[in-house]
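Here are my notes on the model, point by point. Please read them with the structure open.

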Amino acid sequence: MDDIIKKEKESLRHGIQEAYLCAEFLTKYVEKGNERDTHLKNLEGLVQNYCLLDYHLDIRPGLVARMSQDENKKIAQKENSETAELPEGNTNYQAILCEKVASAIKNHNVKDHEKLKDYTKKVKRLINVADGTGDDDDLMVTEESENLLDPLSKTELVDPVISIKCRHRFSRKTIMEHLTHGRHGSQCPYVGCKAKLTPDDLEDDLIAAQIVKRSQYQRQLH
């Protein structure tokens with residue numbers, strides 16, 4: 001179950017990254033106006049759905065565990081009763097679980113989801129930079145997001161990954177070697193960063209991969 005959930009959450013992360021790439025394209029190549037706003041709103045709605053699915057994956061194991069505990073308690077109580085009969089085994093647990101999940105999701109404020117807040121924050125910066133309404137911080141963040149150098153090899157990112165803890169980017173091969181054989185153990189190699197990393201803290205960075213491809217293509221044109 002854990003491996004399945006991990007793969008599903010990875011797919012959701014990819015979906016959110018793809019939505020961000022679409023938002024980046026819109027802010028760069030579609031003029032400010034109703035058309036761009038509509039497309040950006042639709043993308044945000046898509047990301048909201050991804051975040052609800054992510055929340056579903058987070059709460060499902062706990063709900064299953066509690067249902068199992070409750071059922072075991074009921075069976076134990078009936079076994080200790082002289083008159084009660086044991087359950088016949090025809091309870092629709094899948095339907096009960098779906099009902100509990102639906103109820104939890106209904107009461108969940110998706111706008112508080114960290115992934116959605118991160119997405120909307122980044123898209124707002126893209127809009128500010130594209131429309132010339134951003135401040136120096138927006139410009140600095142945009143420039144930082146297009147840093148294509150691996151901090152370990154000092155060369156362009158290859159098969160880029162990003163840390164879910166500190167959001168630093170690396171080439172997959174160099175960071176894996178660092179985590180396995182590096183002198184500083186599992187500490188993030190960025191100067192000043194104190195995050196402790198493991199391979200499970202790394203995820204594919206589709207945004208960086210797209211930026212690298214675009215940079216390589218532009219170099220070929222020149």
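1. Start with the strand pairing. Strand 1 (residues 160-163) and strand 2 run antiparallel, and three bridges join them. One position to look at is Pro160, which stands opposite Ser171 in strand 2. This is a predicted model.

2. Now the whole sheet. It is open, has three strands in the order 2-1-3, and its pairing is antiparallel. Strand 2 (169-171) and strand 3 (202-204) are the edge strands, each pairing on one side only. From one strand to the next, the twist averages 40°. As background, strands of a sheet pair through backbone hydrogen bonds, either parallel or antiparallel.

3. What packs on the sheet? Helix 6 (residues 172-181) does, and it touches strand 1, strand 2 and strand 3. The direction of helix 6 makes about 95° with that of strand 2.

4. Next, a helix pair. Two packed helices are described by the angle between their axes and the distance between the axes. For helix 1 (residues 2-29) and helix 7 (residues 206-221), the angle is about 45° and the axes are 9 Å apart. The two helices are therefore oblique to each other, since that angle falls outside the 65 to 115 range for roughly perpendicular and is not under 35 degrees.

5. The contact itself can be listed by residue. Helix 1 contributes His14, Gln17, Glu18, Tyr20, Leu21, Glu24 and Lys28. Helix 7 meets them with Leu206, Ile207, Gln210 and Arg214. By class, the residues of this contact divide into four nonpolar, three polar and four charged.

6. Aromatic pairs: the structure holds two. One of them is Phe25 with Tyr29, a tilted pair at 5.0 Å centre to centre, with 45° between the planes. Both residues lie in helix 1, four residues apart, about one turn of the helix.

7. Finally, confidence. The protein chain has a mean pLDDT of 81, and 80% of its residues reach 70 or more. Which elements mark the extremes of mean pLDDT? Strand 2 has the highest, 94, and helix 5 (residues 136-145) the lowest, 49. Over residues 138-144 pLDDT stays under 50, and the model has seven contacts beyond four places in sequence for them. Where pLDDT is low, the predicted coordinates should not be read in detail.

Key
Residues numbered from 1 in each chain as written. Predicted model: local features only at pLDDT ≥ 70, side-chain atom pairs only at ≥ 80, totals over all residues. Heavy atoms only, no water. Axes fitted to C-alpha atoms, helices over the stretch in contact; angles between N-to-C directions. Parallel < 35°, antiparallel > 145°, perpendicular 65-115°, else oblique. Contact = heavy atoms within 4.5 Å. Nonpolar A, V, L, I, M, F, W, Y, C, P; charged D, E, K, R; others polar. Pairing = 2+ DSSP bridges. pLDDT = per-residue confidence, 0-100. Phe/Tyr/Trp six-rings, centres within 6.5 Å; stacked < 30°, edge-to-face > 60°.
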